[in-house]
Amino acid sequence: MSRAEVSPPSDAVARAHRARPATGVPVIFIVPALVLYVFVVVYPSISGITYAFTDWNGLTATRGFVGFRNFRELLGDDAARAALGNTFRLALGVMVVQNAAGLLLALGTHARLRSRFVLRTLFFAPAVTSTLIAAFLWQYIYDPSGRQGLNALLGSLGLGTWQQDWLGNPDLALWSVVLVVVWQYAGYSMVIFLAGLQGIPQELYEAADIDGASGARKFWHITWPLLAPALTLNLMLSLVGGLKLFDQVFAMTGGGPGYATETLSTLVYKQAFVFGHYGLGTALAFMLAIIVAAVSLIQLNLLRAREVSE
Amino acid sequence: MPFTRTVRRPMTLALMLALSTVAGAQSQTTLTLVADSNIQMAMQGIIDAYQKLNPNVRINATFAPTDQILVSVRTRLGAGNAPDLFSVYPGAGSALSVIPLVQAKQLLELSDQPWVSGIPSTFNDVLKVGGKAYFFPPTQTTIGAIYNEDAFKALKIAVPSTWNEVLQMCDSAKAAGKVAFALGNKDSWVTQLIPYALVPTTVYAVNGTFDAQQKAGKASFAASGWREAFTKYLEMNTRGCFNANPNGTSFQQQTQLVASGEAIAAVSVAGILPLIQANNKDAKLAMFPLPGSNTPARNWIPAAPSVGLGIAPTSKNVTAAKAFLNYFSQNVDTYAQLASELPLAVTANTKVVPALTRMLPFIRTKKTALFMDQRWPSPEVQQVHLAGIQELFGGRTTVPALLQKMDQTYNK
């Protein structure tokens, strides 16, 4: 085969290649999905934002324009500030513990165990369970009476003093919810970490072995830096999920006891549907969306910078 | 037989059958109804009886817990596709209460209906708006202590008629290894029941015009018998009247505690009696007023119109919906029996379910107060009240702080 036969296409051919997208075929392919997205997501979201500047109660056909009054009211509202604090505590708790647990599970099931595939399936199973079913299941596990669930287990192990009112104690309730979320989604984080682990070249570990590196050094200098993309993805998903969390909180505590587990999402629900303040509820939802977007952007930039530096 | 005759006869028959089916379908009316699951058993009884009498009317009934009803019906009202009939609550304390719904023009006026004349005038301010009727309130209900008569006999406990006797009852039950009052405060609506049972005595027996004074800014939660009611609620807790961890115990668990006999009583609305009975068919259940003072003659009870049914202004079956409400109004005694509630108008001859006999004298002598939230200006006061009690039990607030917060929310 002569060199000429494999030479790059001439300018005319290259232009033709570049011109191909102009035929419009790829655009036609995305039109159905784009139309659906615009009408199902973009249009309702933008029209929803307009309610944030009204006093709509969800019932009347008319709604009065109130400018930024809803936002001012929320900024001065103790309940909204407390919910914001709870939301951040919950999101940070979920992010840290879920990813730590997910990483440990990934490292454990990445080892050459005979049962690793069964274990991976078992650990991932809660992630495909309905969040509401998981929440109702955990209500029984958290039964405060000591007749069943976690308290019964602690009692039978002679750890009666550790028995708690897991969902009824305002100091514990939020962390009890965090545990449920971690239980459900640690397997999800594990799968992403596993994908990252499987992408690390084996040669690096073999070279480290020849150099006499310990397990800890291999983890710290090979595994951890090369897991950075998986970590970025996991931290992003868990933080955003934690900030938006609603189902588990609503099903297990309804935001209580008192306001101990009230999050921005549950407060949006109450403002709109319990109090009939749709305008205020929408304003709060809009603020939550901005918070999620801002936090995600900051986090993404920080983690991307870390990926590059490592 | 010629082919045409062979085919023509069955075809004619089939055509006649099809036409009669179409005609039947045209005369069939389908009403949609969304109601509170608390009244499901009783409401279904009325619906079944009505459909039997009116085979051309089909009622598609959906039942859901109160919080879900609030969301789904309000959303459907806002979207203009509300059910023909739906649960409406008295007063203004809930998102589906009659006053905010009328203000939003989401209820059909029913003042011309025959049952309107039967609404006692004492309930006018929570059942009517501007003197006009907009929903059918079938019964009134009350809050008291649902108790197991056999358990009381076995423990030799007499039904208490004073506050001190309530505390003694707690001591006796505790000594026998039983829970005196099951309490499931995890479901926030349950938290209000004991204050609602005590406040008629501590507030309204002392000052019958409290609501009007509060509306005029001349009375407050903080400077009223509400303080005494909350203090007594906490006293019951420290005295060991309740199961362990009330804040972590659900309403379902509370019901099971009474049904299983682990608890000998629970303060609740009368409508819960059938639910507990369904969990233990052999239990002999009844209700006694929770005494709020040490002077039996000074004790009052809460009694208020319960959830009723209204018609959506967008309904295309108004005539059929009104006819159903009329039938319902003629059968309130049956409904009251099924729901363990009391007719709206109680006279000297009114018969009630035996379990409610102890409540009847209070209603006849008008020693009653409405459920407090029915006269509150918005659902937010109730929310502060419910969450505040959970905080009281969790040690996160105090009685004065909670009352102050309730006042602030009331006056907002």
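Is Glu262(B) buried, exposed or partly exposed? Select the residue and look. Glu262(B) has a relative accessible area of 35%, so this residue is partly exposed. Keep in mind throughout that this is a predicted model.

**Stop 1: a bridge between chains**

Stay on Glu262(B) and add Arg147(A). Their side chains meet in a salt bridge, 3.0 Å from N to O. Now colour by chain. Glu262(B) sits in the loop between helix 12 (251–260) and strand 9 (263–269) of chain B, while Arg147(A) sits in the loop between helix 6 (131–141) and helix 7 (149–156) of chain A, so the pair joins two chains. Arg147(A) is exposed, with a relative accessible area of 53%. That value puts Arg147(A) in the exposed class because the cut-off is over 50%.

**Stop 2: a bridge across chain B**

How many salt bridges are there over all chains? The count comes to ten. Go to another of them. Select Asp211(B) and Arg375(B), whose side chains meet at 2.9 Å, N to O. The pair links distant parts of the chain, 164 residues apart. Asp211(B) belongs to helix 10 (residues 210–215) of chain B. Arg375(B) lies in the loop between strand 14 (368–369) and helix 17 (379–393) of chain B.

Show the surface here. Asp211(B) is buried, at 14% relative accessible area. Arg375(B) is partly exposed, at 31%. Next, add Asp125(B) to the selection. Asp125(B), Asp211(B) and Arg375(B) are linked in a network of salt bridges.

**Stop 3: from helix 17 to the segment after helix 18**

Move to Glu380(B) and Lys412(B). This salt bridge has an N to O distance of 3.3 Å. Glu380(B) is in helix 17 of chain B, and Lys412(B) is in the segment after helix 18 (399–411) of chain B. The two are 32 residues apart, and the pair links distant parts of the chain. Is Glu380(B) buried or exposed? Glu380(B) counts as buried, with 13% relative accessibility. Lys412(B) counts as exposed, with 70%.

**Stop 4: the nonpolar cores**

Hide the charged side chains. Why look for nonpolar side chains inside? In soluble globular proteins, they tend to be buried together.

Select Phe181(B), Trp226(B), Phe324(B) and Leu325(B). These residues have the most contacts inside the largest nonpolar core, which has 146 residues. Then highlight helix 9 (residues 193–204) of chain B. This helix gives the largest share of that core, eight residues. Another core, of 36 residues, lies apart from it. To find this second core, select residues including Phe193(A), Trp224(A), Leu235(A) and Leu264(A).

**Stop 5: chain A as a whole**

Show chain A alone, as a cartoon. Which secondary structure does chain A have? There are 14 helices and zero strands. From the N terminus on, one α element follows another.

Now zoom out and rotate. The C-alpha trace of chain A spans about 80 × 65 × 30 Å along its principal axes. Its radius of gyration is 26 Å, whereas a compact globule of 310 residues would have one near 19 Å.

Turn on the surface of chain A. The accessible surface comes to about 17,100 Å². Carbon and sulfur atoms account for 69% of that area. Of the 310 residues, 40% count as buried.

Finish with the contacts of chain A. Take those between residues at least 6 apart in sequence: 67% join residues at least 24 apart.

Definitions and conventions. Residues numbered from 1 in each chain as written. Chains lettered and ligands numbered in written order. Heavy atoms only, no water. Core = buried A, V, L, I, M, F, W, Y, C linked by side-chain atoms within 4.5 Å. Buried < 20%, exposed > 50% of the residue type's maximum accessible area, 1.4 Å probe, protein only. Helix = DSSP H or I, 4+ residues; strand = E, 2+ residues; numbered from the N terminus. Salt bridge = Lys/Arg side-chain N within 4 Å of Asp/Glu carboxyl O. Rg over C-alpha atoms; globule rule 2.2 N^0.38 Å. Contact = heavy atoms within 4.5 Å. Areas by Shrake-Rupley, 256 points an atom, 1.4 Å probe, with all protein chains shown as cover.
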